[in-house]
Amino acid sequence: MSRLLCLSVLFAACGGLGGSALASGSAGPGAKAGGPGEYAHGKAVTFRQLICEGCPISRAGFNRDRASQVQQSIDSALGGGAPTDELRTFCAAGERGECAEKLRLAQRFLKRRYRL
């Protein structure tokens, strides 16, 4: 009887640990600076503020070619060039430094996700 109880407790403990290993890719307060944390944060910024329904860029039909165009626009804007209307809309609500950081995060995500 005690062996059955011990196995039941062990099974329940292993089942509880398995759920914590299946985390989503969204950024949260525990996201690390650089590496995968920056990618996840860039993904969240990109799909919540830049590419979505009601955002400057529509998510419908967004593919590698469109990602490449957006990437070039971001590179130009961060390099001192004139930003596109889409990027101006994206940055309209925040400060200039905040906008640059959001663009860098989106840039990191797009490069890695679409292998640009």
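**Salt bridges, a positive patch and the surroundings of cysteine 55**

Arginine 104 counts as partly exposed, at 43% relative accessibility. In this predicted model, the residue takes part in a salt bridge with glutamate 101, for which the closest N and O atoms are 3.8 Å apart, a separation that falls within the 4 Å allowed for such a pair. Glutamate 101 is likewise partly exposed, its relative accessible area being 37%. Both residues belong to helix H5, and because they are three residues apart there, about one helical turn separates glutamate 101 from arginine 104.

The count of salt bridges comes to four, and two others among them involve residues of helix H4. Aspartate 85 and arginine 88 meet through their side chains in a salt bridge with an N to O distance of 2.7 Å; these two residues are three apart in helix H4 and so are separated by about one helical turn. Aspartate 85 is exposed, with a relative accessible area of 58%, whereas arginine 88 is partly exposed at 44%.

Glutamate 86 forms a salt bridge with arginine 66, and the closest N and O atoms of this pair are 2.5 Å apart. Since glutamate 86 lies in helix H4 (residues 85–91) and arginine 66 in helix H3, the pair ties together parts that are 20 residues apart in sequence. Glutamate 86 is partly exposed, with a relative accessible area of 23%, and arginine 66 is also partly exposed, with a value of 22%. In general, side chains of opposite charge can pair when their charged atoms come close.

Glutamate 86 can also be related to cysteine 55: the two residues are 31 apart in sequence, and their C-alpha atoms are 8.7 Å apart in space. Cysteine 55 lies in the loop between helix H2 (35–50) and helix H3 (64–78). With a relative accessible area of 18%, cysteine 55 is buried, because the limit for that class is under 20%. When neighbours within four places in sequence are left aside, the residues in contact with cysteine 55 are Arg48, Gln49 and Leu50.

A positive patch on the surface is formed by Lys43, Arg59, Arg64, Arg113 and Arg115. Of these residues, arginine 115 lies in the segment after helix H5 (96–113), and its relative accessible area of 71% places arginine 115 in the exposed class, for which the threshold is over 50%.

Conventions: Residues are numbered from 1 along each chain as its sequence is written. This is a predicted model: local features need pLDDT of at least 70, side-chain atom pairs count only at pLDDT 80 or more; totals for chains, interfaces and linings use all residues. Side-chain values use heavy atoms; hydrogens and water are left out. Patches are made of residues with over 30% relative accessible area and no salt bridge: like charges are joined within 9 Å, nonpolar side chains (Val, Leu, Ile, Met, Phe, Trp, Tyr) within 5 Å. Accessible areas come from the Shrake-Rupley method with a 1.4 Å probe; for residues, only the protein chains shown count as cover. Lys and Arg count as positive and Asp and Glu as negative; His and the chain ends are not counted. The place of a charge is taken as NZ of Lys, CZ of Arg, CG of Asp or CD of Glu. Helices (H or I, at least four residues) and strands (E, at least two) are DSSP runs, numbered from the N terminus. Buried means under 20% relative accessible area, exposed over 50%, partly exposed in between (1.4 Å probe, protein chains only). Contact means heavy atoms within 4.5 Å.
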